[in-house]
Amino acid sequence: MTAIRLENLVKRFGAFTALKTMDLEIRNGEFMALLGPSGCGKSTTMNMIAGMESPSEGRILFDDKDMNGVAMGRRGVGFVFQNYAIFTHMNVHDNLAYGLRVRKLPESEVDSRVKAIAEFLQLTPLLKQPSAKLSVNILQRLAIGRSAIVEPAIFLLDEPLSNVDAAFRAVMRTELKHLQRQFRQTMVYVTHDQLEAMTMADRIAVMDHGVLQQVGTPLEVYNNPANLFVAGFIGSPGMNLLKGSLADSDRGLVVNLGEMGRSQPLDPELVSAVRQSGSREVVYGFRPERVSLSGTAEGMPLPVTFVERIGARTVVHLGAGEQRVKAVFDNDAAVESGSTVSIAIEPASVRLFDAGTGIAIRGT
Amino acid sequence: MNRSLPFEIFRYSVITLALAITLIPTLWMASMAFKPIAEWSAAGADLTWWPKNPTLDNFRFIFGTSTSDLIVALDRTAGKPILSSLLSAVFGTLIAMGCGTAAAYGLSRFGSGQNLPLALIQLRLFPPMAVMIPVMIMWAFLGMVDSWWGLALIYGIVTLPFAFWLMKTFFDDMPREIEDAALVEGCSRGRVFLKITLPMMRPALASSALFVFILNWSDYLIALLLTTREWVTIPVYMASLSSSMTGQLYGAKAALGLIAAVPPVIMGIAIQRHLVRGLTFGALKQ
């Protein structure tokens, strides 16, 4: 149980900067997800925490102890790799026992702890099996078990579920969370899958192009994205983002959305925020889930270009010229492609971003 | 599988031809090893596939227990050359594999020099003769001519590049995560190499060792230059199996050849399952 602090962390590989000045505090016992598309620097950050890579600049502190120069074997971290890295020349039992044996624990204790973790991960019937021919689902369980058995204070997981099948992934999401609750480790979880991050993490650190974009609880990140990248990345589909400019109307401040016409009047809170910021050119954002079909003339009339019925919900693609919008309705929504529907956007869900900087405009 | 008949005929013709090229001489040798002199020498006009009067005379002859119907007596038996071949090839393989594996691991994991691996094959870039004359002089200077250890050392040196390059590709293919997984548990580098990397590399080690062993085992030129009497190897000894009266002693050569084929075949069978390259490194999914 250790807090992790990253201070001005920079990592360069030759001329390429993989990570640009990152500051992040991971609290003791927290489940932190590093979320971002591939190549965003999340794995590099993780490797530096583990000690597999050394930072080009900055410091990594575990409970105020500088980890610079501390070998990875002495950091007390557990690491689960995306490709499991199981020792195939050993059986399941020996793989699980590996960390304990390296630490020279008495064989009787090794045995009892292997049994306990095998029970927890439902590996008991497989203990005597060679590990070379196990299925990926079992391999991933084994990899988690091998790292968890030594009860590391910090548990690092690098996309552990990206290779397993969808049904098993859902099971493991619950189990990993359960595991973390039981052992109360500080957990850092690298993923490109926002569903994993949203369901498991206490807080999410969203990254892109080596830059930390936002840190917050899953709901904060979803409801109040700090910038355009986070807005578009979080949520599936992501937030609708429409370029526009502010305009006064007789009903209050609105956003002129070009071919799509004018938006509904902005909420008073947003109006004061946008007036304070001084921005004129803005990006008008709203969640596809916050759109409803409106029968009145109040709504925005838009042509339907495509309808995706994905079981529980219906994703409707709407468009007018450059401006394209997605909306999520119930599965039985009576919308046909080719028709025109009138939509209403929930006023409280509207977010504005500065068109130049991409940063969210928020009240203070 | 709906191949046309002409294609099938063509396919099997090619397979048959390929098999014939390798198998006929081998079978002929095996058959000849058991033929008495009258059947393998030109004197016995009709050559047959099966020995008409199978005999072990050829084997007795090369081990010096019988002079067969040949009036010649050998000045030495096949025992010592077989021992010489075994010692030099085995130790040569150990040297090449030991140094080659260590060098390959080091360069694969920590190597920075681009030219160093290439420098290792320079001994192979020249015609063997050009390299072997200086080696002969050096070995003479060091007093290692006509000794199995001198031969083992040069075998180790000339096959080192093969051992190195083979092992390097295997090490390059092995994912580093597996070693990192052991390192993060607090295992030392040396222990990771001995307890994790090498055991997982067993198939690679076996197939590389077989390859290197066969190279050493079948060498003629180096042994011809570096041995004179005491420690001649099987190929050199085989070349000497002739007499002024009968010319080439084909029966004796065939018997010796059959014996020489045994060690590689045994090794090959022993590691056959590894040769199919069933390498499932760390159960990785790429």
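Buried area is the accessible area (1.4 Å probe) that two parts lose on being put together, summed over both. Keep that in hand for the exercises below. The model is predicted, so local features need pLDDT (the predictor's confidence in each residue, from 0 to 100) of at least 70, side-chain atom pairs count only at pLDDT 80 or more, and totals for chains, interfaces and linings use all residues. Residues are numbered from 1 along each chain as its sequence is written, chains are lettered from A in the order in which they are written, and side-chain values use heavy atoms, without hydrogens and water.

**Exercise 1. Describe how domain 1 and domain 2 of chain A meet.**

Step 1: Find the parts. Domain 1 of chain A covers 4-231 and domain 2 covers 232-354, with bounds from an automatic or database domain assignment. Their centres, taken over C-alpha atoms, lie 38 Å apart.

Step 2: Collect the contacts (heavy atoms within 4.5 Å). Domain 1 of chain A brings 18 residues and domain 2 of chain A brings 13.

Step 3: Turn to area. About 1300 Å² is buried between the two domains of chain A, and carbon and sulfur atoms give 61% of it. A:Y222, A:L228 and A:A231 supply 46% of what domain 1 buries against domain 2, more than any other three residues.

Step 4: Check for salt bridges (a side-chain nitrogen of Lys or Arg within 4 Å of a carboxyl oxygen of Asp or Glu). Between domain 1 and domain 2 of chain A, the count is zero.

**Exercise 2. Describe how chain B meets chain A.**

Step 1: Count residues. Chain B gives 21 residues to the contact and chain A gives 26.

Step 2: Read the area. Chain B and chain A bury about 2100 Å² between them, with 62% from carbon and sulfur atoms.

Step 3: Look for charge pairs. There is one salt bridge between chain B and chain A: B:E185 pairs with A:R103, their closest N and O atoms being 3.1 Å apart.

Step 4: Place the chain B side on its helices (DSSP runs of H or I, at least four residues, numbered from the N terminus). The elements giving two or more residues are α9 (176-184) and α10 (189-200) of chain B. The largest share, seven residues, comes from α9(B).

**Exercise 3. Judge the confidence of chain B.**

Step 1: Take the average. Chain B has a mean pLDDT of 84, and 87% of the residues score at least 70.

Step 2: Locate the weak stretch. Over residues 278-286 of chain B, pLDDT stays under 50.

Step 3: Add the complex scores. The predictor gives an ipTM of 0.78 and a pTM of 0.77.
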